[in-house]
Structures are given as structure tokens and as C-alpha cells.
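Here are a few exercises to work through with the model open in your viewer. Try each task before you read its solution.

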Amino acid sequence: MLSSIQNPRIFLHHCHRHYTTTITATSQIQTIQKSILSREKTTRQFAEQFLNRLHQTEPQIKSFLHISQTVLHEADEIDRKIERNEHVGPLAGVLVAVKDNICTSDMPSTAGSKLLEDYRPAYDATAVKKMKEHGAIVVGKTNLDEFGMGSSTEGSAYQVTANPWNLECVPGGSSGGSAAAVAARQCVVSLGSDTGGSVRQPASFCGVVGLKPTYGRVSRYGLVAYASSLDVIGCFGSSVADAGILLQSICGHDKLDATSSKREVNDFTSQFVSKDYFESQPLKGLRVGVISETLGDGVDQEVVSSIRGAISHLEGLGCTVTEVSLPSFSLGLPAYYVLASSESSSNLSRYDGVRYGNQAVSDELSSLYGGSRANGFGPEVKRRILMGTYALSAGYYDAYYKRAQQVRTIVKKSFKEALDSHDILISPAAPSAAYKIGEKKNDPLAMYAGDIMTVNVNLAGLPALVLPCGFAKNGTASLPVGFQMIGAAFDEEKLLRVGHIFEQTLQGYSFIPPLIADEFKC
């Protein structure tokens, strides 16, 4: 067992203790549901509260590429249903932001690219459709690295999103807009996409919860494809309960997606009980493996210290924590970039100005293709298309793409073996806290290296949950640090249970950015 370097943190007593025992004190979704169903507060009042905060903070943060004009109208319709005693869904009154590479029929879906600047889909993505059926109100579309290719949201063709904790720092990427929107409480929850860590890394940088489900758990129909064997739609929330409730609403089999699983979906919400009902060691007997390769060279010491604190807290909750070695862990990063770039070069071939994308003016077909792609794609997308095309070319296929697939098999096998003897594995979500805007923009290799903690999970198709556990100093400011819990395939329920208990019993931290902290003082 790893030695404890801090005393186990005691239970945190929240300022508001008026919730019922079935409602966790940190769940905004459950609080909104209780208030509107009991008619203590209207949906419109909640919507106005979030919209006011959004409009106050958006000029500084720039989370959104598009904001819906129908939010209050939809809120009023929910209130009318409640007045008529009609059924409303579990997300009724909940404002949800959607990453702009997930299709919405009533708003643009640009994928952060000039090539799709005017694109308005004729349909909703399955995840969006399900949310709406459960009563959610889509507040807007969030900023991202173009086509999801990036780790800082600086690669958007439209604007650079700032981190709500420090406006000079990046929010992470590629789902940085969705993470920043939740951190700044511009919405309740949000959807992102995760191909190599694009939900989990920005969750860590912005101090929110990020949930990447098992590949196939959520339909990819309506998600603009980057790397089809790796892409997953994921969830952001300010609490584990909120992220889990959102996942509950969007997962399940979809006949429109051949890769979506037919596996039965359990009731995740049963895990979110009040901490008043916790035993003294609520996680007694849980076997936790700390991936030793993730706490060595290249990881900031303050990140390591926060992870060690999280380990200590898990031990205090009754977990048996041991180190586990995954020798193939370092191989995942190069394999991922070969595979993801190869798949992206194939997927993005459709954007030629004829089938999809804005069309350049030309008298010749070849010039039309070249002009449309040259003018529409940004530098990072072009770089990855070229990398992928090279890896798939006849003379290099075996040396790069085939070998990367073989590494992927090794990575999947090593995770399976580790999870056969452990309930969950843990690691940092990123090797550092958020860095300055512009710091790594011109150094793509340094940017790619920041994904080392997350890409293996996508290669193995496993679920992972990131939640904040501490802070790292960045000059005079403190920036949040998240830790990653990895589970066996389709074992999101266990991750949510452990994450909820960890979160509810963590004392001494407030993960509300200084930008809006005054609104949430007890």
C-alpha cells in the first residue's frame, strides 16, 4: 500500500443543507428539478440567472460561438407544462451547452472551421435529440480547436477561449469552450467530444468534472468525425452527479450508429446519495491501482503532490491502493497520433467544396478542390491530414499505421490485465496545470506531449472520469489540478460511485473560479 503523505480529508459541510436526503448538495440538476417541480422557483428564473452570468462573463472568456435566442421561450414552455401538471423530463430546466462539432438543427455547427462557417445541419445529433426529449434547453454552441484537433482551443478559426481561473491561460482542448462554460457557470452542464483526451484534459485545466464514456456507450451520430475508432461524446458538469445524470440521458443503442453498443444501461443516478448516508469508510475494499509511469519525469511536482493527496484521501475512504506498472503506457502517444491522423486524413477528404464545405471560386475541378481546402482548413488540420496521408501511403503503411495498430492491441491488453486485478486505475489527467495562451501554440510536439495521460484510454476504448483534487501555483495564481480514474469497459457506474464519494468527502477546496466566486459565497 502506498504510504499516506497527508491526513485523510474529513467530510465537507456545505453551506446549504436544505436539500432532501436523495439530493446531493452539489448537484445543480437535482436542485433545479426540485425547485421547479415544487414551484419554489420557475424555469425562467433559472434561465435568466444563467443567461445573465453568461452575458457578463462571455466578453472575457469567449466560450461560445453561438448563443440560442429561444432559451427563455423554451423555459416558459416548461413552466407551462408544470402548471398543467404535465410530465417533464429529468433535464427539464437545465441549460446545456453543446460543442460546435455536434450537430444541432436550429443552430450552426461549424466544428470551429471556416470551411463550415455557414453550415446548419438538417438534424440534431442523437445525443442532442435525447437531451431535448428529456427537457434540456440548449443554450448555445461552444468553441473548440478546429475539427477537435488540438489541446488548447487556440486552434479555433474564430476566437481563443480563456480559462475562467486565469484569463491569460488556456482552458485546454479541444473541448475548451464546453469546459470553460461549465467552470464559469454559464450553463449547468455541457457536451464535448473526446478523441484523445479532449474532455478530460480541459476538465482538469478548468476545475470541473469530465466524463469520457466507453466507446459505443453514446451514439456518435451527428458528431463531426475526426478519428472514427476513437471519437466519443462526453459530459462536463460542476459535480460528478451532474455529469452522470447527463450521461444517463444520452447513452444507449442507436440504430443510426453501427458502433453504438446494445448493452443494457444501468441507472447511474442510484449512486448519487447524500453523504449523510455514507459509512465511515464508504469505499472499503476497493482496489485502486496507481499507474506508476504517470508520476515520474515530465510531470510537474505540484501535480504529483495533488495526485498524492487524492491517493491519501482514497486510502482514508477505505481503498486499498497499490502501484501498477503499464510498460506500454509511453507507446500510446505516438501510436495515437499515427492512428488519429490517418483516420482524420480519410474523414476530412469529404470537405472538398463540392460534397461538403465552402467552395472556392475556380474554373477547374482540381483548383476548386485545392482552393477550398487550402482556404478552409487551418494549419493544425493541414498538418494532421499530411501526417495521416503519409502514414497510409503504400511505402509507409506497414512501418507506421500497421505498427500503430499493433501497439494499440498491446495497450488494450495491458489495461485489461491491470483492471483484472484492480477495480479502477488512477493517474493525473495532464502532466501540468493550464499553461499560458500562446506558450505552446508554435510547438506542436510540446502540445502533443500534453496528451500522454489520456490517449491510452481512447486506444483501449475504456471509460474515464476526471475530477478536481487540488491546485498548482502559477505565479501568484492557483490553477486546478484534476485526477483521472479509469474503469473497465462499460463500468461507468463504478467510476461515478467512487467519484461521487470522493467529491462529497473532500474538504478544504472550492472549485469556483475567482471570476464568479462572490456569487457563491455562503
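**Exercise 1. Lay out the sheet.** Work out the strand order of the open sheet and find which strands stand at its edges.

*Solution.* Keep in mind that this is a predicted model.
- Step 1: trace the 11 strands, which run β1-β3-β2-β4-β6-β5-β10-β11-β9-β7-β8 with mixed pairing.
- Step 2: look at the edges. β1 (64-67) and β8 (320-324) each have a single partner strand, so one side of each is left without a neighbour in the sheet.
- Step 3: check the twist, which averages 30° from one strand to the next.
- Step 4: zoom in on one pair. Strand β7 (residues 287-291) and strand β9 (residues 424-428) pair in the parallel sense over three bridges. Pick V290 and you'll find its bridge partner in β9 is I426.

**Exercise 2. Put helices on the sheet.** Find which strands helices α2 and α5 lie across.

*Solution.*
- Step 1: take α2 (residues 43-61), which lies across β1, β2 (95-99) and β3 (137-142). Its direction is at about 140° to β1.
- Step 2: now α5 (residues 176-183). This helix lies across β1, β2, β3, β4 (189-194) and β6 (232-237), and runs at about 155° to β4.

**Exercise 3. Describe a helix pair.** Is α7 mostly covered or mostly open, and how does α4 pack against α7?

*Solution.*
- Step 1: count burial in α7 (residues 240-250), where 10 of the 11 residues are buried, so the helix is mostly covered. Among the buried ones are V240, D242, L247 and I250.
- Step 2: get the geometry. α4 (residues 126-133) and α7 pack at an angle of about 105°, with their axes 8 Å apart. That makes the two helices roughly perpendicular.
- Step 3: list who touches whom. α4 brings A127, K130 and M131, while α7 brings L246, S249 and I250.
- Step 4: sort that contact by class, which gives four nonpolar, one polar and one charged residues.
- Step 5: step past the end of α7 to G252, which has a positive phi, near 120°.

**Exercise 4. Hunt for disulfides.** How many disulfides does the whole structure hold, and why is C235 not bonded to C251?

*Solution.*
- Step 1: search everything, and you get zero disulfides.
- Step 2: try C206. The nearest cysteine sulfur belongs to C169 and is 10 Å away. C206 is buried, at a relative accessible area of 1%.
- Step 3: try C235. Its sulfur is 8.5 Å from the closest cysteine sulfur, in C251, and that is too far for a bond, given a cut-off of 2.5 Å. C235 is buried too, at 0% relative accessibility.

Technical notes. Residues are numbered from 1 along each chain as its sequence is written. This is a predicted model: local features need pLDDT of at least 70, side-chain atom pairs count only at pLDDT 80 or more; totals for chains, interfaces and linings use all residues. Side-chain values use heavy atoms; hydrogens and water are left out. Buried means under 20% relative accessible area, exposed over 50%, partly exposed in between (1.4 Å probe, protein chains only). Helices (H or I, at least four residues) and strands (E, at least two) are DSSP runs, numbered from the N terminus. Axes are lines fitted to C-alpha atoms, for helices over the stretch in contact, and angles run from 0 to 180 degrees between N-to-C directions. Angles under 35 degrees count as roughly parallel, over 145 as roughly antiparallel, 65 to 115 as roughly perpendicular and the rest as oblique. Contact means heavy atoms within 4.5 Å. Ala, Val, Leu, Ile, Met, Phe, Trp, Tyr, Cys and Pro count as nonpolar, Asp, Glu, Lys and Arg as charged, and the others, Gly among them, as polar. Two strands pair if DSSP finds at least two bridges between them.
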